[in-house]
Amino acid sequence: MRIKYVILFCLLSATLMVSCAQTPPYGEGVNLVVSPHKLNVHSGSEHTLFVKVLDKQGGPIFGMKVDAKSTSPTVATVTHEAVTDVAGNATFTVKGISPGVTQIAISTMGYKATAEVVFLEH
């Protein structure tokens, strides 16, 4: 009887290891798709920046923390982080502050993308 349980345990363990080995880790081949690539803003305006996080097969990654940072926060600010939904989407709010040009740097797990923000006067 004890041998049956040992064999069953070994079979279950082997099945679990194989199924886990077939799932690629999120860190391999993550692709960030930013839309729009260029935003035109003015003082006080708010715009939405969309980021889609995909795995190397093009499937969405759920629950991924995505960070955003304005390289010149005197031109425009951006919400700092978001978590992807079931479709792999994260949204950020970009707010125009003053004249100039800045980049919004998007990153997750060492992968990076950017969007350009141009401040337009009225």
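Look at strand β4 to start with: along β4, Val66, Ala68 and Ser70 send their side chains to one face and are buried, while Lys65, Asp67 and Lys69 point to the other face and are not. In a regular strand, side chains do alternate between the two faces of the sheet. Keep in mind as you browse that this is a predicted model.

What flanks β4, which covers residues 65–70? On one side there's β6, which pairs with β4 in the antiparallel sense over 3 bridges. You can pick out the partners by eye: Lys65 has Val83 of β6 as its bridge partner, and Asp67 has Glu81. β4 also pairs with β8, again antiparallel, over 4 bridges. There, Ala68 of the buried face stands opposite Ile106 in β8.

Now zoom out to the sheet these strands belong to. It's an open sheet of 5 strands, in the order β2-β9-β8-β4-β6, and the pairing is mixed. The edges are β2 (38–41) and β6 (81–83), each of which pairs on one side only. Ignoring direction, neighbouring strands in this sheet are turned by 25° against each other on average. As a reminder of what holds such things together, strands of a sheet pair through backbone hydrogen bonds, either parallel or antiparallel.

Zoom out once more and you have the whole chain, with 1 helix and 9 strands. Reading along the sequence, the helix comes before the strands, in the pattern α-β-β-β-β-β-β-β-β-β. Of the contacts with a separation of 6 or more, 54% link residues 24 or more positions apart. Of the chain's 122 residues, 30% count as buried. As for the outside, about 7700 Å² is exposed, and carbon and sulfur atoms supply 63% of that.

Next, the inside. The largest nonpolar core has 25 residues, and the ones touching the most other members are Leu49, Val51, Val53, Val66, Phe92, Ile104 and Ile106. Quite a few strands chip in: β1, β2, β3 (46–54), β4, β5 (76–78), β7 (89–96), β8 and β9 each supply at least two residues. β9 gives the most, with 4.

Ile106 is a good residue to click on here. Setting aside neighbours within four places in sequence, Ile106 is in contact with Leu32, Val34, Leu49, Val51, Val66, Asp67, Ala68, Tyr111, Lys112 and Ala113. Val66 and Ala68 in that list are two of the β4 side chains on the buried face we began with.

Val78, in strand β5, is worth a look too. Is Val78 buried or exposed? It counts as buried because its relative accessible area is 8%, and the cut-off for buried is under 20%. Beyond its neighbours within four places in sequence, Val78 is in contact with Ala68, Lys69, Ser70, Phe92, Thr93, Val94 and Ile104. Val78 and Lys95 are 17 residues apart in sequence, yet their C-alpha atoms are 6.4 Å apart in space.

Finally, two backbone details. Most residues other than glycine have a negative phi, and most peptide bonds are trans. Against that background, the peptide bond from Ser35 to Pro36 is cis, with omega near -10°; Pro36 sits in the loop between β1 (31–35) and β2. Met109, in the loop between β8 (101–108) and β9 (111–119), has a positive phi, near 50°.

Terms used: Residues numbered from 1 in each chain as written. Predicted model: local features only at pLDDT ≥ 70, side-chain atom pairs only at ≥ 80, totals over all residues. Heavy atoms only, no water. Pairing = 2+ DSSP bridges. Axes fitted to C-alpha atoms, helices over the stretch in contact; angles between N-to-C directions. Buried < 20%, exposed > 50% of the residue type's maximum accessible area, 1.4 Å probe, protein only. Contact = heavy atoms within 4.5 Å. Areas by Shrake-Rupley, 256 points an atom, 1.4 Å probe, with all protein chains shown as cover. Core = buried A, V, L, I, M, F, W, Y, C linked by side-chain atoms within 4.5 Å.
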